[in-house]
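I opened my notebook to look up how the strands and helices of this chain are arranged. Here is what I had in front of me.

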Amino acid sequence: PFHSKEAIRVFGSGKRRSFYTCIRNLADDAPLKDGPCTWRRPEGQNTGIHIYNHSLRRKVPLILRNPQMATWYTCGPTVYDSAHLGHASTYVKVDIVQRILRDYFKINLVTAMNITDVDDKIIKRAALSRQNWLNMARTYETEFRQDMLRLNVKAPDVRSHVTTTMPSIILFIQELIAGGHAYVTKDKSVYFDVSKSQNYGKLMKLNLAEEKSKTDKRNSEDFALWKARKDDKEPSWQVPWGGEGRPGWHIECSAIAGLFFGRTLDFHAGGLDLRFPHHENEEAQCCARYKTDQWVNYWLHTGQLHMIGDLNKMSKSLGNTISVAEMLKTYTADEFRMACLLSNYRNAMPYGDELMQTARQTLQRFKNFQADLSAYTQFLKPVHLLDEGALKAQLTHTVTQFDDSLRDDFDTARAISVIMDQMSSISRCINEQQVDAQEEPAYCMDLLLAAGNFINRAMVTFGVSELAPGESLKDKIASPMHSIDPSLLVDDVLSVRGRMRQQATSGTQRNSQLLSACDELRTLLQHHGIQVRDHKQGSSWVFAVSCPADDDEGKRSAE
């Protein structure tokens with residue numbers, strides 16, 4: 001529901017006008033419905049953030065048990081093949097939400113992830129390729145880590161392998177057996193008894209009826225905690241209940257998360273396809289072991305990536321995958337991240353050139369804005385008086401709306417829209433010919449720079465690279481005798497080009513040959529990823545998101 005409106009003055013062009021925005025009502029005191037799939041509101045500090053709860057199908061307040069920290073577990077990869085964009089979208093979206101909590105809301109997140117390095121798929125793939133299963137798993141794990149680095153995904157505080165946490169997994173299963181929540185079959189496999197789980201099905205709102213299984217399982221819905229060894233070639237571990245075997249998939253995450261975070265977990269994230277049965281089974285196992293009705297306080301499920309025209313998720317089994325390395329041949333990590341920002345973490349992501357071109361153009365708008373703002377504040381563009389009061393009001397509005405967006409289930413698409421509205425308003429003032437403001441006239445350089453800083457910090461918070469080229473020691477190119485700063489080099493080249501352009505247009509007739517040389521130099525820089533922007537008093541530049549042969553935006557000349 002929407003309950004209020006707010007008027008904002010729009011600055012520029014010497015006039016004032018009003019527009020209205022609706023503010024969403026996210027009241028904390030709205031009642032939660034009771035039922036078989038209830039969510040228990042934690043006790044602690046209310047952060048003012050709201051997160052979507054799939055069981056309740058509504059947003060609930062984020063309350064932290066400990067205001068000094070929050071715990072977060074993410075389901076990691078099963079390392080039997082290269083990561084594809086379906087995996088990448090999940091981890092980039094999770095990274096965006098974690099960055100918002102950590103860097104914007106200043107919450108001290110403690111994060112963990114598992115690495116499934118023993119699994120049916122790993123064993124089968126290793127046998128087919130005649131490799132050692134563990135060596136193969138380590139190879140693909142290394143590749144996965146490199147892919148995450150390329151995508152600027154921050155590493156978790158701790159990664160834990162299934163093979164190195166086997167004692168904790170076995171102990172977890174022992175406690176479930178002792179508590180009557182699991183049973184051992186004739187072949188020494190172990191199954192979780194779903195009939196003993198009072199709230200099983202709460203994440204998906206399932207109504208399960210007991211159905212006798214034709215196998216050694218008591219009920220058809222029971223799932224494996226431990227798989228007995230079938231042949232001598234399988235990796236296996238000895239267990240107290242007899243025989244040898246290896247863990248089932250679901251128990252791994254429960255045991256590893258429980259090892260680090262104990263009986264209660266603030267956040268648990270993963271793809272929407274893991275909601276059932278994986279996350280449902282994790283919750284059931286941990287509620288049974290820790291004798292509680294709620295193990296995870298907040299489940300975050302990311303929307304699935306699929307190819308345009310194919311409603312199926314991207315998956316290796318369907319053969320419709322694109323690897324991270326393949327994608328990075330055409331698009332940058334920042335462009336892929338922008339695509340994730342524009343789709344929101346919960347939404348499905350229809351991958352294709354249309355989405356990626358939109359992300360590319362959006363990112364370029366941010367870079368162009370910073371370049372134009374820098375040119376204006378360095379007096380490369382005509383400077384005029386702005387309506388200071390209106391600019392202050394709009395900056396306040398932008399900051400407030402941006403904050404509201406992130407508090408509303410991390411709505412990054414809306415946050416990006418809010419920032420782009422702000423950029424458009426400022427761009428009209430610094431790029432268009434306008435008369436000086438009549439009310440509260442001021443140059444407002446400080447406010448313009450403050451807006452630029454806010455926008456740049458917002459993008460960095462989302463994990464996007466710095467929008468404007470900065471000065472850094474690591475940017476210098478070392479040589480035996482000298483170190484070269486690329487930024488200063490480009491500035492000097494553009495300074496010479498600027499004098500050439502001025503000379504070519506200063507006489508009664510334009511020097512077409514000299515102007516042609518200036519265009520050729522601009523095109524050459526464009527091929528090297530540097531977009532030149534010409535203004536009345538000189539030129540500025542920005543690193544281009546992409547390097548096409550022609551760029552009409554970069555060819556604009558001052559009029």
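My entries below go from a sheet to the helices on it, and then to a helix pair.

**Entry 1: the sheet.** I noted at the outset that this is a predicted model. I looked for a sheet and found an open one of five strands. Its strand order is 7-6-5-13-14, with parallel pairing. I then asked which strands sit at the edges. They are strand 7 (158-161) and strand 14 (296-302), and each of them pairs on one side only. Neighbouring strands of this sheet are turned by 20° against each other on average, direction ignored.

**Entry 2: one strand pair.** I picked strand 13 (residues 265-271) and strand 14. They run parallel and are joined by six bridges. I looked up Ala269 too: its bridge partner in strand 14 is Leu300.

**Entry 3: helices on the sheet.** Helix 1 (residues 85-104) lies across strands 5, 6, 13 and 14. It runs at about 175° to strand 5. Helix 6 (residues 275-290) lies across strands 5, 13 and 14. Its angle to strand 13 is about 160°.

**Entry 4: a helix pair.** How do I describe two packed helices? I use the angle between their axes and the distance between the axes. For helix 10 (residues 388-407) and helix 12 (residues 445-461), the axes come within 10 Å and cross at roughly 15°. Angles under 35 degrees count as roughly parallel, so helix 10 and helix 12 are roughly parallel to each other. Their crossing is left-handed.

**Entry 5: who meets whom.** In helix 10 I listed residues including Leu391, Leu395 and Phe402; the helix 12 side includes Leu448, Ala451 and Phe454. The contact residues divide into nine nonpolar, one polar and two charged.

Technical notes: Residues numbered from 1 in each chain as written. Predicted model: local features only at pLDDT ≥ 70, side-chain atom pairs only at ≥ 80, totals over all residues. Heavy atoms only, no water. Pairing = 2+ DSSP bridges. Helix = DSSP H or I, 4+ residues; strand = E, 2+ residues; numbered from the N terminus. Axes fitted to C-alpha atoms, helices over the stretch in contact; angles between N-to-C directions. Contact = heavy atoms within 4.5 Å. Parallel < 35°, antiparallel > 145°, perpendicular 65-115°, else oblique. Left-handed = near helix turned anticlockwise from the far one by under 90°. Nonpolar A, V, L, I, M, F, W, Y, C, P; charged D, E, K, R; others polar.
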